[in-house]
Protein chains: 2
Amino acid sequence: MKPFDLVVIGDGPAGIEGALAAATRHWRVALISGLGIGGRAAMSSLLPSKVWLAYAQRMAQLKHMRHFGLTVKPPSLSMDLLRAQITSQKQHAAQRYRQKLEAAGVQIFEGKGFVSSTEMVEVIREGAVAEQLPTRYILLSTGSGPVFFPELKPNKDRIIAPKLSPTLPELPKRMVVAGGGVTGSEYAWAFAALGTEVTILHGTMRMLPRMDPDVAAAFEQWMQSHYGVALHKNNGVVAMQQEDNLVRALTFSGEEYEADYGFIAIGRKADLSFYEPGNLPLQITSEGFLQVNKFCQTSQPNIYGAGDVTGVPMMANRAMMQARVAVAHMAEGDATTVRQKSVAEAVYTDPPVAQVGDMSPDLDASFVLKRYDGLLKAHILGETEGLLKVKVDSKTGLIRGAAAFGAHAVDIISIFQVAIHHNIPWRRLHMVPMPHPSMSELISTVL
Amino acid sequence: MKPFDLVVIGDGPAGIEGALAAATRHWRVALISGLGIGGRAAMSSLLPSKVWLAYAQRMAQLKHMRHFGLTVKPPSLSMDLLRAQITSQKQHAAQRYRQKLEAAGVQIFEGKGFVSSTEMVEVIREGAVAEQLPTRYILLSTGSGPVFFPELKPNKDRIIAPKLSPTLPELPKRMVVAGGGVTGSEYAWAFAALGTEVTILHGTMRMLPRMDPDVAAAFEQWMQSHYGVALHKNNGVVAMQQEDNLVRALTFSGEEYEADYGFIAIGRKADLSFYEPGNLPLQITSEGFLQVNKFCQTSQPNIYGAGDVTGVPMMANRAMMQARVAVAHMAEGDATTVRQKSVAEAVYTDPPVAQVGDMSPDLDASFVLKRYDGLLKAHILGETEGLLKVKVDSKTGLIRGAAAFGAHAVDIISIFQVAIHHNIPWRRLHMVPMPHPSMSELISTVL
């Protein structure tokens with residue numbers, strides 16, 4: 001077989017983006033697809049959660065009609081409907097990705113990819129002889145899978161995890177969620193907005209530990225006051241058990257919480273099943289992720305890694321950027337590097353939480369705080385809750401980070417992403433005349 | 001009386017922003033307020049229209065529940081409710097503005113401002129002796145009023161204009177709208193979304209004449225196909241008459257259209273009632289607007305102008321930027337100028353239309369076209385309609401303009417506004433890893 005220029009293992013956001021980036025350079029590209037194009041992101045994590053969140057958002061919108069003096073009878077929502085929508089979105093996304101890849105000339109191989117040497121990838125399929133793909137470059141984008149423990153794992157019944165959410169037989173009346181990170185928070189909000197009584201058990205002193213403390217605190221406060229979520233922090237779950245129709249969660253402080261269903265979202269770990277450490281030396285970080293440099297190159301110069309397999313933050317946009325940088329490095333050398341500081345992270349509740357850059361307290365930086373209730377748009381829409389926090393370097397005036405909780409926060413943080421990526425000082429960003437009335441005016445108001 | 005540093009005539013967005021900008025410099029500032037703080041924008045144009053649009057958006061959201069397999073009985077909507085909401089929003093906005101101004105130390109004078117000399121402003125109130133305010137600088141931000149003609153003007157009954165929309169006794173069954181510019185389009189959509197059968201009669205060959213032709217065409221198409229709006233272009237209204245409960249609109253091509261109500265939004269003109277040309281020479285443009293330079297200075301060096309009174313585009317964000325630039329020039333000299341090219345314009349339908357910069361065809365520029373139906377987010381939300389068009393300078397690679405019609409278009413154009421304002425080339429903006437899934441990904445997708 002004529003060698004490929006690039007073999008991509010993994011068909012999630014990083015894999016697709018990397019394959020497309022190489023194909024637009026007229027490279028001979030193979031992509032090895034396991035679950036269906038879109039990867040775990042489309043098939044079991046990112047996309048299903050976004051459908052749940054979309055339904056939750058509809059229900060929240062209906063409730064919010066009150067602000068306008070309107071009352072609407074909420075429609076009945078069945079698990080069948082949600083399931084059908086998830087299935088249909090998954091199928092259509094996989095189709096669109098496949099079309100894009102095929103139109104770009106990428107060859108798709110179904111199976112499991114295994115790196116047998118630095119220049120050979122095997123495609124393994126049950127009941128078939130492994131296919132050998134010789135190649136110049138390899139991109140590893142195998143993603144991540146959920147972390148479980150013997151006492152804390154799904155039980156094919158009432159203890160579930162994100163991937164299993166579409167299998168629920170009914171919308172739970174009571175749910176206990178282990179984990180208050182991004183995934184736990186998103187699902188907790190979605191269930192609460194759909195009418196479930198939610199308890200969150202979280203291991204550390206605050207939810208969304210990667211987010212700015214003030215922004216995370218505003219989010220926690222809102223989850224409790226607007227959605228009646230019972231939040232127990234510093235109270236991580238060590239075990240979940242089911243007895244008949246009751247799920248019990250036991251926390252490390254010895255407390256017990258019960259509900260109809262249990263939901264586990266305590267973390268994710270790299271999928272490293274693409275190689276045998278004995279065969280092929282690849283450097284792995286102390287947290288068990290694939291070690292890559294700023295060009296996304298592994299310890300083997302022609303093997304690159306992109307996406308969750310390389311560590312946190314496990315965001316699709318980071319994954320896609322890494323893939324673009326990796327392919328640019330293979331093709332053009334040291335021109336572009338991954339700029340971790342300009343990757344936005346988001347929690348897609350409604351309103352959402354979003355952050356970019358570094359928000360840790362520093363002696364040589366100051367924080368600017370803006371509140372939504374200063375905006376005309378927020379008052380018209382009755383979305384006055386929320387805040388924007390900006391970290392500004394005292395010496396250079398450059399923006400070091402920004403975090404927001406509130407309506408359109410993801411879009412607002414996108415603007416900061418551009419500002420940080422392109423070194424626009426806060427004072428100058430502040431001068432851009434944002435549309436009026438809009439939520440982006442958080443950036444441009446005088447007071 | 002001790003002279004003021006600045007007297008601001010006009011209490012709309014430009015006036016408020018200018019007064020605040022001066023007060024934060026510890027200036028002695030007077031603001032002359034006519035209608036209620038917020039000006040015509042808050043009292044009769046911008047704010048009421050945004051409340052209409054907010055209700056229209058709620059109704060559109062309910063209809064869109066279909067995408068999720070949900071059916072919701074639309075709530076009954078009365079003019080009383082809408083009216084009460086507009087009144088309450090107006091009152092609260094005026095209160096907030098007043099608090100901001102007072103907190104900043106701005107002195108508010110109720111009345112009509114009149115420039116009696118370059119260093120003296122009179123505050124005129126019926127039945128009272130005019131108060132004299134001596135001042136170093138004057139900011140004219142008196143805004144604009146609607147254009148009517150003897151045969152084409154509101155009749156205090158069924159022929160109305162934006163300002164009179166809250167006085168409607170009922171939601172019209174059929175409405176004929178004269179004018180397909182921004183205001184005509186916004187109201188036409190709002191009425192259509194609330195159930196009115198709408199006919200738009202527009203004078204030129206396309207609606208939204210300031211917007212990019214492809215984007216405007218997509219908007220026109222959507223108004224017709226999704227909202228059943230009857231659109232007649234090149235068919236401007238020359239007269240409207242009411243006979244009993246029927247309104248007839250006569251167009252310049254001699255056609256006649258009838259409806260229950262008529263709505264006039266054919267343009268706005270500067271409010272120049274703040275002076276007597278005999279007393280005080282001020283340069284006026286051929287279109288009847290106050291002439292100002294890039295520092296917003298009039299032909300009298302200590303008199304500045306900001307907002308609609310200075311011409312098109314009549315956008316609040318432009319008005320506010322002009323006011324900031326004017327005050328910066330009074331206080332600090334030539335540092336900052338108005339950058340017309342980075343002021344976004346928007347049509348607040350749902351989805352909205354937005355544009356920034358220059359979109360006219362040019363031999364030395366190319367256009368990039370992106371469609372919403374390539375985005376995962378658009379598919380999940382069922383908002384796949386729409387497009388983004390970017391104009392890129394062939395030589396420098398800089399972005400010269402961008403226009404969009406589709407979900408979150410205003411936020412997306414805000415990003416371009418920052419990019420244009422800060423000279424970020426398209427190729428580099430394109431590399432920013434936008435959150436996934438989001439509508440901002442129109443900017444960052446590979447294909």
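**Helix packing and chain pairing in a predicted two-chain model**

In chain B, the axes of helices α1(B) and α7(B) approach within 8 Å of each other and cross at roughly 30 degrees. Because angles under 35 degrees count as roughly parallel, this crossing makes α1(B) roughly parallel to α7(B). The handedness of the crossing of α1(B) past α7(B) is right-handed. On the side of α1(B), the contact is formed by Pro13(B), Ala14(B), Glu17(B), Gly18(B), Ala21(B) and Ala22(B). On the side of α7(B), the participating residues are Ala316(B), Ala319(B), Met320(B), Gln322(B), Ala323(B), Arg324(B), Ala326(B) and Val327(B). Sorted by class, the contact of α1(B) with α7(B) comprises 10 nonpolar, two polar and two charged residues. These descriptions, like those that follow, refer to a predicted model.

Helix α1(B) also packs against α4(B), at an angle of about 20 degrees and with the two axes 9 Å apart. The helices α1(B) and α4(B) are therefore roughly parallel to each other, and their crossing is left-handed. Ile16(B), Ala19(B) and Leu20(B) are the residues that α1(B) brings to this contact, whereas α4(B) brings Tyr97(B), Lys100(B) and Leu101(B). Five of the residues in the contact of α1(B) with α4(B) are nonpolar, none is polar and one is charged.

The corresponding pair was examined in chain A. Helix α1 of chain A, residues 13–23, packs with helix α4 of chain A, residues 79–103, at an angle of about 20 degrees, and their axes lie 9 Å apart. It follows that α1(A) and α4(A) are roughly parallel to each other. The crossing of α1(A) and α4(A) is left-handed. Within this pair, Ile16(A), Ala19(A) and Leu20(A) of α1(A) meet Tyr97(A), Lys100(A) and Leu101(A) of α4(A). The contact of α1(A) with α4(A) contains five nonpolar residues, no polar residue and one charged residue.

The relation between the two chains was considered next. A turn of 180 degrees, with a shift of 0.0 Å along the axis, lays chain B on chain A with an RMSD of 0.0 Å. That is the relation of a two-fold axis. Ile415(B) is the residue of chain B that comes closest to the rotation axis, with its C-alpha at 2.7 Å.

At the interface, 63 residues of chain B are in contact with 63 residues of chain A. Several helices of chain B each supply at least two residues of the side that touches chain A, namely α1 (13–23), α3 (46–64), α4 (79–103), α7 (316–332), α8 (376–381), α9 (409–421) and α10 (426–429). The largest share of this side of chain B, eight residues, comes from α9(B). By class, the side of chain B that touches chain A consists of 37 nonpolar, 18 polar and eight charged residues. Of the interface residues of chain B, 100% are also interface residues in chain A, so the copies meet through the same surface.

The helices described above thus recur at the chain boundary: α1, α4 and α7 of chain B are among those that supply at least two residues of the side of chain B that touches chain A.

The domain assignment of chain A gives three segments of interest. Domain 1 covers 4–146 + 269–340, domain 2 covers 159–266 and domain 3 covers 351–444. The centres of domain 2 of chain A and domain 3 of chain A, taken over C-alpha atoms, are separated by 29 Å. Their contact takes eight residues from domain 2 of chain A and 10 residues from domain 3 of chain A. The side of domain 2 of chain A that touches domain 3 of chain A is made up of six nonpolar, no polar and two charged residues.

Local backbone features complete the description. In chain B, Asp350(B) and Pro351(B) are joined by a cis peptide bond with omega of about 0 degrees. Pro351(B) lies in the loop between β18 (345–347) and β19 (353–357) of chain B. A cis peptide bond also joins His436(B) and Pro437(B), again with omega of about 0 degrees. Pro437(B) belongs to the loop between α10 and α11 (441–444) of chain B. In chain A, His26(A) has a phi near 65 degrees, which is a positive value in a residue other than glycine. His26(A) is placed in the loop between α1 and β2 (29–33) of chain A.

Note on methods: Residues numbered from 1 in each chain as written. Chains lettered and ligands numbered in written order. Predicted model: local features only at pLDDT ≥ 70, side-chain atom pairs only at ≥ 80, totals over all residues. Contact = placed C-beta atoms within 7 Å. Helix = DSSP H or I, 4+ residues; strand = E, 2+ residues; numbered from the N terminus. Nonpolar A, V, L, I, M, F, W, Y, C, P; charged D, E, K, R; others polar. Least-squares fit on C-alpha atoms with pLDDT ≥ 70 in both. Domains from an automatic or database assignment. Axes fitted to C-alpha atoms, helices over the stretch in contact; angles between N-to-C directions. Parallel < 35°, antiparallel > 145°, perpendicular 65-115°, else oblique. Left-handed = near helix turned anticlockwise from the far one by under 90°.
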